[in-house]
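Student: Please take one part of this model and look at it closely, giving the distances and angles that support each statement. After that, please carry the same care over to a few other places, so that I can follow the reasoning from the numbers.

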Amino acid sequence: MLRNDSRSEQQKLQVIPLGGLGEIGKNMTVIRYGDEMIVIDAGLMFPENDMLGVDLVIPDFNYLIENQECLKAIVLTHGHEDHIGALPYILKKISVPIYGTKLTLGILEGRLKENGVDSGNLHTVMPGEIIMLGCFSIGFIRVNHSIPDSVGLSIKTPLGMIVHTGDFKIDYTPVDGKMTDFRRLADLGNKGVLLMLADSTNSEREGHTPSEKTVGVAFNREFQNAPGRIIVATFSSNVHRIQQVIDNAVKYKRKVAILGRSMVNVVNISQEMGYIHAPEGTLIDIEEIGNYPANKIVIITTGSQGEPMSALTRMALSDHRQVDIIQGDTVIISATPIPGNEKLVAKTVDNLLRLGANVIYSRSDGIHVSGHASREELKLMHNLIKPKFFIPVHGELHHLVAHAKLAAELGMAKENIFIGENGFVFEFTKERGRIAGRINWGIVMVDGLGVGDVGNIVLRDRRQLSQDGILIVVVTMNRESGKLIAGPDIVSRGFVYVRESEELMDEAKNRVIQALKYCAEENIYDWTTIKLNVKDVLAQYLFEQTRRRPMILPIIMEV
């Protein structure tokens, strides 16, 4: 039950984004009232170019660990990685109920099993359903996005209603025929909404986002004209897109093979749950493609972002065990590059063209549409919900600012629009809102099996190694006398080619010997101090000679 009015006068409603503000991905937001809170989504993002060796980036969730006695549940809007990808790591630290729609939890369960995490605390909800979590009443509102079973959320609190749109677009002809629940959104707006948090990804794009069905028309055109095999690369979670590929394959009497671990997993889950339909015999194993003529085959694969280890990238490099690109193949890249991935995608396209494939990848070809609302759709959402306060979410700063300006253009008071950053504490009463402070916030980098053990110092060392290489100096010394017994031997990796830099290496050895003599004359016998002296002398000399700063690693062997 909702708490009484006396408590609502004492407590304030807090919204604390832990991810998704000022960035694309890593979406995670805390809604807190007194000593009770819920979390909306828990996603990941892919590393920036300077995060060398890092696999994934997830939000810092220490706030959840510190306040886990207050945490009632994590509620999910849909099954994209930027909304569920952090959960395998969070659920290793915290036991908390997870609520989401059928397909969302189906995909999540697969991710949890891959990471050895128990999936017994997942609770399926249906669009239109309302659940109680402490003082919060959560309603699930059907919206359209690029994955089925996407929902927005209505969150009834003791101070008023919050609406979180989730990722959405307004699609009047959705592939599955299930339209956004406009009636529910309008009803919420008519009853009064205190605060709205809304997707800002396409807030700079004028007009309307085209319907997903338009991609099916483009596929039909390309399938009709393709002389050989058709290879379609798209996001594994874009179930509607995959269905339209299968539909066109059936129309043109082609068999469909699925390639890429994540693609295979999602297709299997979606088939089991009834979100993907294929006539019996349409789907074949990738090993069977050689049994059919080239013009009777479609391959659906991962790699639309040029990911180095993805199936399409390996095909483009002639490095895939099961599929080689051959003359006459038509490759359709049905996705827009995520910011930062443009060069990877361009390189993949070039490699495919070099192998003789016909590559369809331009937005103008109509083979991809966004899953996010453009400006006219955002205006419709604002006019339906009519919130008193507004926080634009899910976007880089320029997206958030553009969305805030749009809200102001629609008549919202500027003092009721809040642009913030991850870690900000937005605080609301029934009458006013403010930014009340900031919690300790950061990111957690996942590298292999390590979670959070890579930080700025490790990244700095990796950048230095990648730019200037490493120099290892090995000497053998007597512990008691400090005399040099053997060496110095210098090993260079990624700095200079030793055989062509003999004079540089010989003088480097002399500088090391001089540094050791100086330490002996000054009666310095502490190994750490000696190593620092060697490192400083050698670093100065090498920079003078090469203008490079390799990592220098002195090693002292004792006798």
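**A buried ring and its surroundings**

Tutor: F426 has a relative accessible area of 1%, and because buried means under 20%, F426 counts as buried. The model is a predicted one, and the values that follow are computed from it.

Let us stay with this ring and ask what lies around it. A pair of aromatic rings is described by the distance of the centres and the angle of the planes. The count for this model comes to seven aromatic pairs. One of them joins F418 and F426, whose ring centres are 6.4 Å apart and whose planes make an angle of 70°, an edge-to-face arrangement. F418 is buried, as is F426. F426 also pairs with F424, and here the centres are 6.3 Å apart with 50° between the planes, so this pair is tilted, as planes from 30 to 60 degrees apart are neither stacked nor edge-to-face. F424 has a relative accessible area of 16%, which is under the 20% limit, and therefore F424 too is buried. These three rings belong to one aromatic cluster that is made up of F389, F418, F424, F426 and F428.

The next place is a polar one. T209 sits in the loop that runs between strand 12 (193-199) and helix 7 (213-225), and with a relative accessible area of 5% T209 is buried. Its side chain comes to 2.6 Å from the backbone oxygen of H372, while a polar contact of 2.8 Å links the side chains of T209 and S374. When neighbours within four places in sequence are set aside, the contacts of T209 include K169, I170 and N202 as well as S370, A373 and E377.

Helix 9 allows a check of geometry. The helix has 13 residues (residues 261-273), which at 1.5 Å a residue should span 18 Å, and the C-alpha atoms at its ends are indeed 18 Å apart, so the two values agree. Its buried residues are M263, V266, V267, I269 and S270. Because these buried residues fall within an arc of 165° when seen down the axis of helix 9, they line one face of the helix. They pack against helix 5 (102-114), helix 8 (239-251), strand 14 (255-259) and strand 16 (297-301). R261 and E272, on the other side of helix 9, are exposed. S262 also has its place in helix 9, and at 24% relative accessibility S262 is partly exposed. Apart from neighbours within four places in sequence, S262 is in contact with S236 and T302. Just after the helix, G274 adopts a positive phi of about 85°.

Last come the cysteines. A disulfide is a covalent bond between the sulfur atoms of two cysteines. The count of disulfides here is zero. The cysteine sulfur closest to that of C70 belongs to C135 and is 11 Å away, which is too far for a bond, given that a disulfide needs sulfur atoms within 2.5 Å. C70 is buried, with a relative accessible area of 5%, and C135 is buried at 0% relative accessibility.

Definitions and conventions: Residues are numbered from 1 along each chain as its sequence is written. This is a predicted model: local features need pLDDT of at least 70, side-chain atom pairs count only at pLDDT 80 or more; totals for chains, interfaces and linings use all residues. Side-chain values use heavy atoms; hydrogens and water are left out. Helices (H or I, at least four residues) and strands (E, at least two) are DSSP runs, numbered from the N terminus. Buried means under 20% relative accessible area, exposed over 50%, partly exposed in between (1.4 Å probe, protein chains only). A polar contact is a pair of N or O atoms within 3.5 Å; within protein, one must be able to donate a hydrogen and the other to accept it, and residues adjacent in sequence count only if both atoms are side-chain atoms. Contact means heavy atoms within 4.5 Å. The expected span of a helix is 1.5 Å times one less than its number of residues. The arc is that of the directions from the helix axis to the C-beta atoms. Rings of Phe, Tyr and Trp (its six-membered ring) pair if their centres lie within 6.5 Å; planes under 30 degrees apart count as stacked, over 60 as edge-to-face and the rest as tilted.
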